[in-house]
Structures are given as structure tokens and as C-alpha cells.
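Trainee: I would like to go through this model and ask why its parts are described the way they are.
Mentor: Go ahead, and let us keep to what can be checked.

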Amino acid sequence: MKKETQFSHISRPRIGITTPVNHNITKASTLLFNNSKDLYRSDVRGYGRHGSEIHDALAHAFNVLEDGVATTIFPSGLAACTIAILSLVKTGDHVLLTDSSYGPIKNFCMQFLLSLGIETELYNPRIGCDIEKQIKKSTKLIIMESPGSLSFEVQDVPAIVKVAKKNNIFTLIDNTWSAGLSFNPLNHGVDISCHAATKYFGGHSDIMCGVAISRTKEIAKKVKKTAKNLGNSISPDDVYGILRGFRTLITRFKQQEETSLYLATWLNKQSKVSRVIHPAHVSHPDHELWKRDFTGGGCIFSAVLKPCSENEVDKFIDRLELFGIGFSYGGYESLCINCDPQLVREKSDKLSGPLIRFACGLENLEDLKNDIEKSLLKLRLD
Ligand SMILES: Cc1ncc(COP(=O)(O)O)c(C=O)c1O
């Protein structure tokens, strides 16, 4: 069965004489037991923090999406990544993290993990099998994100996983960009695939949520145990919203990926743009790798403008009428940010020139192009 069909039918309520199409939302912190003897049974859910039927339904949907054995749901994408990381490492361990990772994950590793006595070393996202050279006796985890945040380097995930397996090292990837639709890391042997479900799955820019999908039962047990110890919990209303987003995910994703490639292709030809960075565009340095491992694109890409002042970049963004100025992506509305103030790279290929990230929503692609064209016309280069 194709994913479009699955997403309409999976994780629906059990059929009765009449059945609502969608799950009821059970709002409960307290669950009442019929008798005292049952209070300490391990085979029943005894407290609101442990979720409800709709939590199970959403977890099942993510298992189907990426062929995972178990999914843990978190109140944000960042929590999904950080708690999944914590479940795999302990004091004295060494972690390898891609230099292209989402900034707050980098901060978590470099600062919080360090405070626990866990050292993180950055690696060039294009390192491939040469990652072996950075492995130490104490290396326990390799963290990937492909394509990388803001700069969109595509990683050779199969090569990195091969090295990790040979050296008995766990692997984790932030797979937010592909929504699990255009890339399946677990099928390449990655141990945990994390998503900021806040993005495509919410789809309407009104819910925070994250998930960690595990490849094996042993890994899933570690994630669930750590999440439980740290008091992880997410409201059923938010879980309901993410499951609703699942139903329309593929349709929205297809339109958004089409728009993003259309805009990138057009922008790449504009005289005030030095290049675009979109893995699905032929000009991308990792395009062949992307074609080998991915089946589609995403809704975000970056454009490098020809040299101009920061003030001109701000004015260019402020003039856009259809692109909101905001940090997320995957929602129905288009967004745009100036990346330069947050672009910190130590081990990656250098990026020069003002870097602007576009996140495409569901607006008509010609309207979006015209909006950018109008603002670009007024941009004054150095
Ligand atoms: C690649 C990536 N990973 C993780 C996150 C964090 O997700 P959340 O905002 O749900 O905490 C984001 C958010 O922008 C992201 O872009």
C-alpha cells in the first residue's frame, strides 16, 4: 500500500457500531482504577504523563512512516533530539556532531553535555567514510543532520553508518528536512531518526512537537527510559493536531517541494543572486549524493546574494509581502530569514555572502516569485 493510502487509514479509532473518523481526545492527569490491586500493574497505563490512546496512534503513524519499531513523542523537536542523545551517552563518552547541525542542538552538545563530562567534537558534514579518522576509543555516538541546517550539505549517511557499525557506535539523525517522506534513515541502519514534528507534521504553525523513531527494541527502550526519567509529557490536544497533519502531509509536502525547487531555479538565474543552495537543484555540490539517497526535496532552501550591506538584506526581507519573517518552516505560510547572524561554522566549507533562507508555504508559486522579484529589483548591491 502506498503512503498516501496508509496515511488516510492508519491510526484511526477501533471500529464500533458507529465510529468517529478521528480519535477522541482523552484529557486526564488522573486515571481512576476500579480496585486497589490494579494500582501497581505494569501492563496498564496508570497516570496521565504516560500518554493516552491518541499518543499510541501517533507513535504508530511515525513507525509506519519510517519503518521504526517504536516512537517516543516529545513536546518539541529540540527535546526529541536532546533526550534521544542523552539516552545513548554517559560521562566520559565522546560524541561526533556534524558542524551543519541545528544551532540549539550544537549548543546542547557543546555546553550541556560538556557539563556532564561528555565531550563533543564537530566534523565536516561532507566527511563521509573519513569520519573514521575522528573516532576515539570513547566515541559512543555520531549525530547527523542531512541536509544541514541553513547550509544544506548532504551527508553520506550510508558511509557514516558503515563506519559507526564497524566501531560499535550509535548513530542518530535529525531528519526534519525530509519529513521522512524523501529519506528513510532507519533503512540505512541509523539507530534513531528525530523530527521536529512542529514543522511539516503540524503544518499550520500552531503546535510544538518532536519525535524520536527507533530502529531496534533495545534503542527504543533506552529512549523511553530516559524520557520517563526526565518527566517527558505532551498534551493530547497537540498530539491530535500532529496526527491530523499526517492526513494531509503528502499533498502539502508535494506542493511545497515543487514551489521551493521552482523558486530556487528562478533565483539562481537572477543577476543579484550569486547562487542558490538547494540539494534538488543541479548546481548543488552534493546533488549526485542527494539523487542517490533521496526521493524528493523539501520546502526550504537558501540563496546567497551578491555582496551587499546587512541593511540592504534587512530591507530586502522587509519589502516581501508574502513571506513572513520567522524562524520555522513546513507550515502553510511562506517564511524568510537572514541567516548570517546565526551561521556559525568551524569545520564546514566556507559560505560567503549574505545568506537568506526561504521556507515555501502553500501560496501560488508565481505569486511568491513575483513578490521576491519586486523586492530584488530594489536591492542595492555594494
Ligand atoms: C532541523 C531542526 N531540528 C530541530 C528543530 C527544533 O524543533 P522545535 O522547534 O520543535 O524544538 C528545528 C527547529 O527549527 C530544526 O529546524
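The talk below goes from the domains to their sheets and then to the ligand.

Trainee: What kind of model is this, and how is the chain divided?
Mentor: The model is predicted. The chain is divided into domain 1 (3-244) and domain 2 (250-377).

Trainee: What makes you say that domain 1 and domain 2 are in contact?
Mentor: Contact requires heavy atoms within 4.5 Å. By that rule, 37 residues of domain 1 are in contact with 42 residues of domain 2. The C-alpha centres of the two domains lie 27 Å apart.

Trainee: How do you know that β6 and β7 pair?
Mentor: Two strands pair if there are at least two bridges between them. Strand β6 (residues 192-196) and strand β7 (residues 210-214) have five bridges, in the antiparallel sense, so they pass that test. As one example, His 195 has Val 211 in β7 as its bridge partner.

Trainee: Which sheet holds these strands, and in what order?
Mentor: An open sheet of seven strands, ordered β1-β7-β6-β5-β4-β2-β3, with mixed pairing.

Trainee: Why are β1 and β3 said to stand at the edges?
Mentor: β1 (70-74) and β3 (119-123) each have a single partner strand, so one side of each has no neighbour in the sheet. On average, neighbouring strands of this sheet are turned by 20° against each other, direction ignored. Helix α2 (residues 53-66) lies across β1, β6 and β7, at about 125° to β1.

Trainee: What makes β8 and β9 antiparallel partners in the other sheet?
Mentor: That open sheet has five strands in the order β8-β9-β12-β11-β10, with mixed pairing. Four bridges join β8 to β9 (residues 300-305), and the two run antiparallel; pairing needs at least two bridges, so the condition is met. Val 273 has Leu 305 in β9 as its bridge partner.

Trainee: Which helix packs on this sheet and touches β8?
Mentor: Helix α7 (residues 236-267), which touches β8, β9 and β12 (355-359) and makes about 10° with the direction of β9.

Trainee: How do you know that Thr 198 makes a polar contact with the ligand?
Mentor: A polar contact is a pair of N or O atoms within 3.5 Å. A side-chain N or O atom of Thr 198 is 2.5 Å from an oxygen atom of the ligand, so the pair qualifies. A backbone N or O atom of Gly 77 lies 2.7 Å from a ligand oxygen, and a polar backbone atom of Leu 78 is 2.9 Å from one.

Trainee: How much of the ligand does the protein bury?
Mentor: Taken alone the ligand exposes 390 Å², and the protein buries 91% of that.

Terms used. Residues numbered from 1 in each chain as written. Predicted model: local features only at pLDDT ≥ 70, side-chain atom pairs only at ≥ 80, totals over all residues. Heavy atoms only, no water. Axes fitted to C-alpha atoms, helices over the stretch in contact; angles between N-to-C directions. Polar contact = N/O pair within 3.5 Å; in protein donor to acceptor, adjacent residues only side chain to side chain. Areas by Shrake-Rupley, 256 points an atom, 1.4 Å probe, with all protein chains shown as cover. Domains from an automatic or database assignment.
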